[in-house]
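Visitor: I've got a structure open in front of me and I'd like to learn how to read it. Could you walk me through it?

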Amino acid sequence: MNASLPSASDTAPKPPPPTPWALFTGFFWLGLSAFGGALPLARHMVVEKNRWLSSEDFTELLGLCQFLPGGNIINMSVALGMKFRGPKGAFAAIMGLIAAPSVIVISLGVVYQRYADDPRIQHLFAGLAAAAAGLLISMAVKIARPLRGKWGAIAVAVACFVCIAVLRLPLLPTMLVLTPISIFVTWRLMR
């Protein structure tokens, strides 16, 4: 299949902006099902299932959300809610996202506190960590796809990975240096 041809989801008509209720329920189910790997599921919900954003728009918004303080998915829910429905949408999305996980985390904390020394519980949490790592790798591949053929953007992404994952440089200084470079490279490529 030719990589330059648009996919069916790219050519389909764009749905109307989500209502506050749609934002709440979308992020509620995301929060309920995203154990340790919310970003891959968020991308699926936002880009593939509901088509609220294109793949490129999602990647750009994720870049902004990663740069801001706080959790990426929390930032994403607020940003999407604001984009489509203003403060009411942001509130609906964030409340949907945190409602179920808050109850679940408190419940798991109680269970873990009581049974932390049980090897079966330790194996359960180790298995959940492995699944989360797999989801994260899957997400990285999907996020990298819009960069295909954009060699300057790929170089910035690789430099960021090397600085943070290999050289273990602090995130904030790395982002403060690479973000302006990324903006400049993107601007040059779009000219």
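**Helix packing and a pocket**

Guide: Sure, and keep in mind that this is a predicted model. Let's begin with a pair of helices: the axes of helix H3 (residues 38–49) and H4 come within 10 Å of each other, crossing at roughly 140 degrees.

Visitor: How do I put that angle into words: is H3 parallel, antiparallel, perpendicular or oblique to H4?

Guide: Angles over 145 degrees would count as roughly antiparallel. Here the axes cross at roughly 140 degrees, so H3 is oblique to H4. The crossing has a hand too: H3 passes H4 in a right-handed way.

Visitor: Which residues make the contact between H3 and H4?

Guide: From H3 you have Leu-39, Ala-42, Arg-43, Val-46 and Val-47, and they meet Ser-55, Phe-58 and Leu-62 of H4. Sorted by class, that contact has six nonpolar residues, one polar and one charged.

Visitor: Let me try the next pair. At what angle do H4 and H5 pack?

Guide: About 120 degrees, and their axes are 9 Å apart. The range for roughly perpendicular ends at 115 degrees, so H4 is oblique to H5. This crossing is right-handed.

Visitor: And which side chains should I click on there?

Guide: On H4, pick Phe-58, Leu-61, Leu-62, Cys-65 and Gln-66; on H5, pick Asn-72, Asn-75, Met-76, Ala-79 and Leu-80. They divide into seven nonpolar, three polar and no charged residues. Phe-58 and Leu-62 of H4 are worth a second click, as they are listed in the contact with H3 and in the contact with H5.

Visitor: What about H2 and H5: how do their axes cross?

Guide: Helix H2 (residues 20–33) and helix H5 (residues 72–115) have axes that come within 7 Å and cross at roughly 35 degrees. H2 passes H5 in a right-handed crossing. By class, their contact has 17 nonpolar, five polar and two charged residues.

Visitor: Let's zoom out. How many helices and strands does the chain have?

Guide: Eight helices and zero strands, which reads along the sequence as α-α-α-α-α-α-α-α. The C-alpha trace spans about 60 × 45 × 35 Å along its principal axes.

Visitor: Last topic: pockets. How does anyone find one?

Guide: The general idea is that rolling a probe the size of a water molecule over the atoms shows where empty space is left. In this model, the largest pocket has a volume of about 1,800 Å³. It is lined by 38 residues, and those closest to its centre are Thr-59, Gly-63, Gln-66, Ile-143 and Ala-157.

Visitor: Which helices give two or more residues to that lining?

Guide: H4 (55–67), H6 (119–144), H7 (151–166) and H8 (171–190). H8 gives the most, with ten residues.

Visitor: And what is the lining like by class?

Guide: It has 28 nonpolar, seven polar and three charged residues. While you're there, find Gln-66 again: it is among the residues closest to the pocket's centre, and Gln-66 of H4 is also part of the contact with H5.

Terms used
Residues numbered from 1 in each chain as written. Predicted model: local features only at pLDDT ≥ 70, side-chain atom pairs only at ≥ 80, totals over all residues. Heavy atoms only, no water. 1 Å grid on protein atoms, 1.4 Å probe; cavity = no way out; pocket = protein on both sides within 12 Å on 5 of 7 lines; lining within 4 Å. Points joined across faces, edges and corners; volume = space filled by probe spheres on them. Helix = DSSP H or I, 4+ residues; strand = E, 2+ residues; numbered from the N terminus. Nonpolar A, V, L, I, M, F, W, Y, C, P; charged D, E, K, R; others polar. Axes fitted to C-alpha atoms, helices over the stretch in contact; angles between N-to-C directions. Parallel < 35°, antiparallel > 145°, perpendicular 65-115°, else oblique. Left-handed = near helix turned anticlockwise from the far one by under 90°. Contact = heavy atoms within 4.5 Å.
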